[in-house]
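Biologist: Got a minute to walk me through this one? I'd like to know what I'm looking at before I start asking awkward things.

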Amino acid sequence: MNQETNKVSKRHNTRALAVGVMYSLDLNKNLYIEDDKNLNLENAISDVLAMSQTEFLSDVFPTLFNLDFLRSLVNKCYFEIAKIDEIIANSLVKYTIDRLSYVDRAIIRIATCELLIGETPKNIIINEALELTRELSNIEGDNQVKFNNRLLDNIVGTVYGK
């Protein structure tokens, strides 16, 4: 594996772990709790990293990742969740954010967060989110990928004002 492939794989794997953290926080209803936000986030990160090391889940969770990128991404997403959810809600057409599955909500939140950070080209962020959808959420053919693609296009329009 060359260095460029290694770098891409690490970032993709890190995004997958970030989705796991946001999924865990959402599932446990810890996204909008104001008390001990730092502790909630650290616990979620620790839990996901611990699960990734178990034999049972080692084939699902990546082992090659960037811990600094993971912390940066989930920290921004977690502490700006209201803003991110508002962008997502305003970008949905005839749909509400609570109707998205936990996994898809986590994928879209991470992608929206990265779009707001603005350090990665938007086409890479969208492609990564769609790849994560294929890997983690795509149950009925490509329907979920198509839905998330349309939603992400709307979010890009909201974030970049197009």
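Modeller: Sure, let's start with helix α6 (residues 122-136): its 15 residues reach 21 Å from the first C-alpha to the last, close to the 21 Å expected at 1.5 Å a residue. That expected span is 1.5 Å times one less than the number of residues. Helices here are DSSP runs of H or I with at least four residues, strands are runs of E with at least two, and both are numbered from the N terminus.

Biologist: And where do these coordinates come from?

Modeller: This is a predicted model, where local features need pLDDT of at least 70, side-chain atom pairs count only at pLDDT 80 or more, and totals for chains, interfaces and linings use all residues. Residues are numbered from 1 along each chain as its sequence is written, and side-chain values use heavy atoms, with hydrogens and water left out.

Biologist: Okay. How many helices and strands does the chain have?

Modeller: The chain has 7 helices and 0 strands, and along the sequence the pattern reads α-α-α-α-α-α-α.

Biologist: Which residues of α6 are buried?

Modeller: In α6 those are I125, I126, E128, A129, L130, L132 and T133. Buried means under 20% relative accessible area, exposed means over 50%, and partly exposed is in between, with a 1.4 Å probe and protein chains only. For the chain, 44% of the 162 residues count as buried.

Biologist: How does α5 sit against α6, parallel or antiparallel?

Modeller: The axes of helix α5 (residues 102-117) and α6 come within 10 Å and cross at roughly 165 degrees, so the two are roughly antiparallel to each other. The axes are lines fitted to C-alpha atoms, for helices over the stretch in contact, and the angles run from 0 to 180 degrees between N-to-C directions. The cut-offs are under 35 degrees for roughly parallel, over 145 for roughly antiparallel, 65 to 115 for roughly perpendicular, and oblique for the rest.

Biologist: Which residues meet there?

Modeller: From α5 you have V103, D104, I107, A111, E114 and L115, and they meet K122, I125, A129, L132, T133 and L136 in α6. The residues of that contact divide into 8 nonpolar, 1 polar and 3 charged. Contact means heavy atoms within 4.5 Å. In this scheme Ala, Val, Leu, Ile, Met, Phe, Trp, Tyr, Cys and Pro are nonpolar, Asp, Glu, Lys and Arg are charged, and the others, Gly among them, are polar.

Biologist: How many residues of α5 are buried?

Modeller: 12 of its 16, so to speak a mostly covered helix. Among the buried ones are D104, R105, R109 and E114. Just after α5, G118 takes a positive phi of about 75 degrees.

Biologist: Which residue other than glycine has a positive phi?

Modeller: K94 is one, with phi near 55 degrees. K94 is found in the loop between α4 and α5, and at 82% relative accessibility K94 counts as exposed.

Biologist: Back to packing. At what angle do α3 and α5 pack?

Modeller: Helix α3 (residues 67-79) and α5 pack at about 95 degrees, with their axes 9 Å apart. That makes α3 roughly perpendicular to α5. The contact is made by F69, L73, K76 and C77 of α3 with R109, I110, C113, E114 and I117 of α5, and these residues divide into 6 nonpolar, no polar and 3 charged.

Biologist: What about α4 and α7, how do their axes cross?

Modeller: Helix α4 (residues 81-91) and helix α7 (residues 143-160) have axes that come within 9 Å and cross at roughly 115 degrees. I87, I88 and S91 of α4 make the contact with L151, N154, I155, T158 and V159 of α7. The residues there divide into 5 nonpolar, 3 polar and no charged.

Biologist: Switching to single residues: is V21 buried or exposed?

Modeller: V21 counts as buried, at 1% relative accessibility, and lies in helix α1 (residues 3-27). Leaving aside neighbours within four places in sequence, V21 is in contact with L41, A44, I45, V48 and V74. V21 and Y78 are 57 residues apart in sequence and 9.5 Å apart in space, C-alpha to C-alpha.

Biologist: And K37, buried or exposed?

Modeller: K37 is buried, with a relative accessible area of 13%, and has its place in helix α2 (residues 37-52). Not counting residues up to four places away in sequence, K37 touches L31, Y78 and F79.
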